[in-house]
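Here are some short exercises to work through with the sequence and the model side by side. Try each task before you read its solution.

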Amino acid sequence: QVQFVESGGGLVQAGGSLTLSCAASGRTFSTDNIGWYRLTPGGTQRELVASISASGRTAYDASVRGRFIILRDNALHEIYLQMNNLKVEDTAVYFCNSIPATSWGQGAQVTVSS
């Protein structure tokens, strides 16, 4: 089972950019589909906002499509989420995980101010 440690969160103004990183450990990382999920304030479930397959194919939720980019580096066992043109509604704790998800890390807090 792959385990994940997220980093790179912070406070940014609306319209700004931020890049999240995720370090993964585990034998199956390079063959797993990986996603970035987020839990919004008051939310009860993490929602999948971006995914990348083992072959590099990407998919995005409509709420972030055109603004976020998911990348993976199998050699370094890392996943990234480039977030551009951030909106207040992007404020959330962001997590990376396999698809389907296994055990969760602590996540990275992203706060977007108006």
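A residue counts as buried when its relative accessible area is under 20%, as exposed when that area is over 50%, and as partly exposed in between. Keep in mind that you are looking at a predicted model.

**Exercise 1. Rings around Trp104**

Task: Classify Tyr37, Phe95 and Trp104 as buried, partly exposed or exposed, then work out how their rings pair.

Solution:
- Step 1. Start with Tyr37, whose relative accessible area is 8%. The limit for buried is under 20%, so Tyr37 is buried.
- Step 2. Phe95 has a relative accessible area of 5% and is buried too.
- Step 3. Trp104, at 32% relative accessibility, counts as partly exposed.
- Step 4. Now turn to the geometry. A pair of aromatic rings is described by the distance of the centres and the angle of the planes.
- Step 5. The count comes to 2 aromatic pairs. In one of them, Tyr37 and Trp104 have their centres 5.0 Å apart and their planes at 90°, which is edge-to-face. Tyr37 belongs to strand S4 and Trp104 to the loop between S9 and S10, so this pair ties together parts that lie 67 residues apart in sequence.
- Step 6. Phe95 and Trp104 are also edge-to-face, with 5.6 Å between centres and 75° between planes. Ring pairs thus link Tyr37, Phe95 and Trp104 into a cluster.
- Step 7. Finally, look for a charge: Arg46 lies over the face of Trp104, 4.1 Å from the ring centre.

**Exercise 2. The six-stranded sheet**

Task: In what order do the 6 strands of the open sheet run, and which strands sit at the edges?

Solution:
- Step 1. Reading across the sheet gives S2-S10-S9-S4-S5-S6, with mixed pairing.
- Step 2. S2 (10-13) and S6 (58-60) are the edge strands, each pairing on one side only. From one strand to the next, the twist averages 25°.
- Step 3. Zoom in on S4 (residues 34-39) and S9 (residues 92-98), which run antiparallel and are joined by 6 bridges. Across from Arg38 you will find Tyr94 in S9.
- Step 4. Next, pick Ala108 in strand S10 (residues 108-113). Ala108 is buried at 6% relative accessible area, and its contacts include Glu6, Leu20 and Tyr94.

**Exercise 3. The four-stranded sheet**

Task: Which residues of S8 make up its covered face, and which its uncovered face?

Solution:
- Step 1. Place S8 in its sheet: 4 strands form an open, antiparallel sheet in the order S1-S3-S8-S7. The edges are S1 (3-7) and S7 (68-73).
- Step 2. Check the partners of S8. S7 and S8 (residues 78-83) pair over 6 bridges in the antiparallel sense, and S3 (residues 18-25) and S8 likewise pair antiparallel over 6 bridges.
- Step 3. Recall the pattern to expect: in a regular strand the side chains alternate between the two faces of the sheet.
- Step 4. In S8, Ile79, Leu81 and Met83 form the covered face, while Glu78, Tyr80 and Gln82 form the uncovered one.
- Step 5. Find who faces whom: Cys22 stands opposite Ile79, Ile70 opposite Leu81, and Asp73 has Glu78 as its bridge partner.
- Step 6. Follow the chain from S7 into S8: the two form a hairpin with 4 residues between them, and His77 in the turn has a positive phi of about 55°.

Technical notes. Residues numbered from 1 in each chain as written. Predicted model: local features only at pLDDT ≥ 70, side-chain atom pairs only at ≥ 80, totals over all residues. Heavy atoms only, no water. Buried < 20%, exposed > 50% of the residue type's maximum accessible area, 1.4 Å probe, protein only. Contact = heavy atoms within 4.5 Å. Pairing = 2+ DSSP bridges. Axes fitted to C-alpha atoms, helices over the stretch in contact; angles between N-to-C directions. Phe/Tyr/Trp six-rings, centres within 6.5 Å; stacked < 30°, edge-to-face > 60°. Lys NZ or Arg CZ within 6 Å of the ring centre and 35° of its normal. Lists of a residue's contacts leave out its neighbours within four places in sequence.
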